[in-house]
Amino acid sequence: MDGKVMVTGGAGYIGSHAVLALLDAGHDVVVLDNLVTGFDWAVDPRATLVRADVADDHAVRAAIRDHDVRAIMHFAGSVVVPESVADPLKYYRNNTAATRALLESAVVEGVAHFIFSSTAATYGSPVRVPVQEGDPTVPINPYGMSKLMTEAMLRDVAAAHPINYCALRYFNVAGADPQGRSGQSTVGATHLIKIAVEAATGKREAVSVFGTDFDTPDGTGVRDYIHVSDLAAAHVAALDLLIAEPTRSHTLNAGYNRGFSVNEVLDAVDRVTNLTIQRRYEGRRAGDPAALVADNSAILAALPWRPRHDDLDTIVRDALAWERKLALRD
Ligand code: UFG
């Protein structure tokens, strides 16, 4: 593709992996990040970093022009579900309103393609598992609603303007770049695999297991854990598709069509580390569905993308390797 790809949130966890995948595929990349939760060192030096907020029209439009941006991958946003319940307006500002501003900048400057980080949280408690893209979207928290509102904006904008989009509904993203170039560095993480590898490196004493009475085989919550590098590769493949078929847009689940329970994940961590991480069995966490697994037939049909790191032990091993690297740094 001529011109550059702008990656918002490219200094964050998933965004930094997308930057690596784009660069490895030969794209030129400009990262736009306000560095509130991201880290400048997480941005590969082959990319240009512009420190700005996605809602700053002036800075965004200048960056689009200066770098001849043809496509935007939009990762910037807030991602902590319980925080969205406590402070919903932060989520409607950082996710919904900021994306509205970014889309306007994109349309005014003639950006042709837009890839959006959506979420399985748009489904709420799914009517069936595995869940399909056409199933009801009834978010059970402001985070999911803030992303679903953005999907609605994208649909309307693509109908009115010469821009197409792909909304990828992520399931549970975990792991780290297999080459050790990036990983999840988030301070105060809440995600299971991150927490478990923090326990493995001695940063935590134990892992809480939230709920043992779900309607699942072992009573603990079941999720579809997707390796962050597979997810990043799906973005690059989605960009190719948007370029090849500029009048079509897509909404696709990004997952593996298989779930693991919390106990199965912690068993994998024990296996990989040769430790027995202490488990504290506790009550359910508010708003957690019993099971959330992607029907991924649509993404497999739409893209040449195929999972390459879809082994739970591999995901845990890569997350652990990054956690050990971070521990050395502290
Ligand atoms: N869990 C624990 N202990 C922990 C952390 C999590 O038992 O310390 C459990 C949860 O209850 C859940 C599973 O592990 O059953 C996964 O929890 P995460 O917090 O890792 O992830 P979620 O499934 O809650 O969140 C993910 C995405 C969100 C998205 C949400 C939709 O990270 O962005 O799915 O439900 F909104």
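Select the shell around the ligand: its residues divide into ten nonpolar, six polar and three charged. Here Ala, Val, Leu, Ile, Met, Phe, Trp, Tyr, Cys and Pro count as nonpolar, Asp, Glu, Lys and Arg as charged, and the others, Gly among them, as polar. This is a predicted model, in which local features need pLDDT of at least 70 and side-chain atom pairs count only at pLDDT 80 or more, while totals for chains, interfaces and linings use all residues. Residues are numbered from 1 along each chain as its sequence is written, and side-chain values use heavy atoms, with hydrogens and water left out.

**Stop 1: the ligand**

Keep the ligand on screen and display the 19 residues that surround it; a residue is near a molecule if one of its heavy atoms lies within 4 Å of it. The closest are Leu192, Ser208, Arg223, Arg285 and Asp288.

Next, pick out the polar contacts, meaning pairs of N or O atoms within 3.5 Å. An N or O atom in the side chain of Asp288 is 2.6 Å from an oxygen atom of the ligand. For His191, the distance from a polar side-chain atom to a ligand oxygen is 2.8 Å. At Thr190 the partner is a polar backbone atom, 3.5 Å from an oxygen of the ligand. The ligand taken alone exposes 680 Å², and the protein buries 92% of that; the areas come from the Shrake-Rupley method with a 1.4 Å probe.

Colour by secondary structure. Helices (H or I, at least four residues) and strands (E, at least two) are DSSP runs, numbered from the N terminus. Two elements, α6 (192-200) and β8, give two or more residues to the shell. The largest share, three residues, comes from β8.

**Stop 2: the domains**

Now colour by domain, with bounds from an automatic or database domain assignment. Domain 1 covers 4-174 + 226-254, and domain 2 covers 192-223 + 257-292 + 304-324. Their centres, taken over C-alpha atoms, are separated by 26 Å. The contact (heavy atoms within 4.5 Å) takes 18 residues from domain 1 and 16 residues from domain 2. Each domain supplies at least three residues to the shell around the ligand.

**Stop 3: Val293 and Pro130**

Select Val293, in the loop between β14 (291-292) and α9 (297-302). Is Val293 buried or exposed? Val293 is buried because its relative accessible area is 5%; buried means under 20%, exposed over 50%, and partly exposed in between (1.4 Å probe, protein chains only). Leaving aside neighbours within four places in sequence, its contacts include Val129, Pro130, Phe171, Val222 and Asn257.

From there, move to the peptide bond between Val129 and Pro130, which is cis, with omega about 0°. Pro130 sits in the loop between β5 (113-119) and α5 (142-160).

**Stop 4: Thr216**

Thr216 is in the loop between β8 (207-210) and β9 (222-223). This residue is buried, at 13% relative accessible area. Beyond residues up to four places away in sequence, Thr216 touches Val222 and Ala290.

**Stop 5: two positive phi angles**

Go to Leu35, in the loop between β2 (28-33) and β3 (48-51). Its phi is positive, about 60°, although Leu35 is not a glycine. Leu35 is buried, with a relative accessible area of 17%.

Finish at Asp68, in the loop between α2 (57-66) and β4 (69-74). Phi of Asp68 is also positive, near 50°. With a relative accessible area of 37%, Asp68 is partly exposed.

Conventions
A polar contact is a pair of N or O atoms within 3.5 Å; within protein, one must be able to donate a hydrogen and the other to accept it, and residues adjacent in sequence count only if both atoms are side-chain atoms.
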